[in-house]
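Okay, thanks for coming, everyone. I'd like to walk you through a structure that's new to this group, so have a look at it first.

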Amino acid sequence: MEKENPICFVGLTIGWKGGKTTKVAVDDLDDFLNRSERLLVFTGAGISTESGIADFRSPGGIWSRIKPIQFQDFLNDPEARLEDWRRRFYFKAQYEAAQPNAGHKAIASLAKKDRLLGVVTQNIDGLHQRAGLGDEAVVELHGSGLRASCLSCSTPMALNAIRDAIEETEEAPSCARCGGVVKADVISFGQPMPQQKMQRALQWVEQCDAVLVLGSSLVVEPAASIPRIAVQQGAPLAIINREPTPLDGLAKLVINDEIGPSLDLAMFHLG
Ligand SMILES: [Zn+2]
């Protein structure tokens with residue numbers, strides 16, 4: 001072992017931990033990151049589970065145990081709206097209690113090295129920003145569980161103020177400015193994806209020179225189309241995810257292991 005160089009040593013360490021990552025994979029990831037100057041990072045629930053946040057959509061996840069509230073029900077049913085808020089407050093507390101992990105920090109560090117074009121995320125927990133990325137560097141495709149606003153005039157309303165209002169009146173509050181429906185800035189089931197965010201993500205797809213997918217099973221559309229289009233436009237793709245994905249065949253590199261430790265090791269040698 002004494003004769004091994006650091007990258008080999010860390011590669012072997014990761015293998016020993018039971019993952020499938022090998023020395024070669026870590027070297028390849030290092031090389032992949034080194035070649036890119038405009039990296040597009042696409043993240044899913046898998047990066048946040050490493051911070052202790054539950055994956056809603058996985059088997060055994062929250063949506064297999066409680067029924068998601070459809071957008072139409074939120075609009076039309078006061079009880080459904082109150083239940084939606086109760087869930088939002090519960091999740092917001094979870095997001096705020098969680099800490100950004102080595103994966104989030106590695107991405108923020110790529111931004112500091114001027115190698116990151118941007119992050120497109122399926123997550124709503126705000127952990128990329130808390131790791132140090134500016135809002136302008138993150139497209140939250142499914143919105144944010146930390147904010148709320150009026151569906152009609154977009155006036156923001158703090159979730160704490162909404163909770164206070166509900167405790168006082170037992171009704172979901174309306175917009176103070178226009179009387180419209182206030183909703184968490186999260187895309188609910190049955191709610192259309194925001195066109196602006198998709199357009200910004202697609203702009204990055206055109207500008208990037210490589211795509212790194214972290215912790216997404218790449219089965220939720222249209223989000224998963226982002227890395228696929230990037231590959232079609234010639235960008236090399238690397239995927240770190242615990243399970244195989246439908247896009248593995250298009251990737252230059254696939255690592256079925258934890259994201260934080262894998263990225264941490266690759267970043268170790270990045271200039
Ligand atoms: Zn309003």
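Start with Phe 42, which stands opposite Val 120 in E2. On its other flank, Phe 42 stands opposite Val 213 in E6. One thing to keep in mind while you look: this is a predicted model.

Phe 42 belongs to strand E1, residues 39–43. Is that strand buried or exposed? Mostly covered: 5 of its 5 residues are buried. And both faces are covered, with Leu 39, Val 41 and Thr 43 on one side, and Leu 40 and Phe 42 on the other. That split fits a general pattern: in a regular strand, side chains alternate between the two faces of the sheet.

Now for the neighbours. E1 pairs with strand E2, residues 116–121, in the parallel sense, over 5 bridges. E1 also pairs with E6, again parallel and again over 5 bridges.

Let's zoom out to the sheet. In what order do the strands come? You read it E3-E2-E1-E6-E7-E8: 6 strands in an open sheet, with parallel pairing. At the edges sit strand E3, which is 138–140, and E8, and each of those pairs on one side only. Ignoring direction, neighbouring strands in this sheet are turned by 15° against each other on average.

Okay, follow the sheet along to E7. Strand E6, residues 210–214, runs parallel to E7, and 4 bridges join them. If you want pairs to click on, Leu 212 stands opposite Ala 238 in E7, and Leu 214 has Ile 240 as its bridge partner there. Between those strands comes helix H11, residues 225–232, and E6, H11 and E7 together make a right-handed β-α-β unit.

E7 itself covers residues 237–240. Leu 237 and Ile 239 point one way, Ala 238 and Ile 240 point the other way, and all of them are buried. On to strand E8, residues 253–255: 3 bridges join E7 to E8, and the two run parallel. Within that pairing, Ile 239 stands opposite Val 254 in E8.

Between E7 and E8 there's a loop, and Pro 246 lies in it. Why does Pro 246 count as exposed? Because there are just 11 C-beta neighbours inside 10 Å of Pro 246, and the cut-off for exposed is 12 or fewer. Still, Pro 246 has some company: leaving out residues up to four places away in sequence, Pro 246 touches Leu 218 and Val 219. Leu 218 is 28 residues away from Pro 246 in sequence, and their C-alpha atoms are 6.7 Å apart in space.

Right, helices. Helix H10, residues 195–207, lies across E1, E2 and E3, and runs at about 140° to E2.

Then there's helix H7, residues 102–112. H7 is mostly covered, with 8 of its 11 residues buried. Those buried residues are Ala 102, Gly 103, His 104, Ala 106, Ile 107, Ala 108, Leu 110 and Ala 111. What covers them? The cover includes strands E1, E2 and E6, along with helices H3 (45–49), H8 (127–130) and H12. Just after H7, have a look at Asp 114, which takes a positive phi of about 65°.

Let me stay with H7 and H12 for a moment. Two packed helices are described by the angle between their axes and the distance between the axes. For H7 and helix H12, residues 259–268, the axes come within 7 Å and cross at roughly 35°. It's a left-handed crossing, H7 past H12. On the H7 side, the contact is made by Ala 102, Gly 103, Ala 106 and Ser 109. From H12 come Ile 259, Gly 260, Pro 261, Leu 263, Asp 264 and Met 267.

Last bit, the whole protein. There are 12 helices and 8 strands. Of its 271 residues, 39% count as buried. Looking at contacts between residues at least 6 apart in sequence, 67% join residues at least 24 apart.

And how about confidence? The protein averages a pLDDT of 87, with 86% of the residues scoring at least 70. Over residues 1–19, though, the pLDDT is below 50, and that stretch has 25 contacts in the model beyond near neighbours in sequence. Where pLDDT is low, the predicted coordinates should not be read in detail.

Methods
Residues are numbered from 1 along each chain as its sequence is written. This is a predicted model: local features need pLDDT of at least 70, side-chain atom pairs count only at pLDDT 80 or more; totals for chains, interfaces and linings use all residues. A residue is buried if 20 or more other C-beta atoms lie within 10 Å of its own, exposed if 12 or fewer, and partly exposed in between; C-beta atoms are placed from the backbone. Two strands pair if DSSP finds at least two bridges between them. A crossover is right-handed if, with the strands pointing away from the viewer, the path from the first strand over the helix to the second runs clockwise. pLDDT is the predictor's confidence in each residue, from 0 to 100. Two residues are in contact if their C-beta atoms, placed from the backbone, lie within 7 Å. Axes are lines fitted to C-alpha atoms, for helices over the stretch in contact, and angles run from 0 to 180 degrees between N-to-C directions. A crossing is left-handed if the near helix is turned anticlockwise from the far one by less than a right angle, and right-handed if clockwise.
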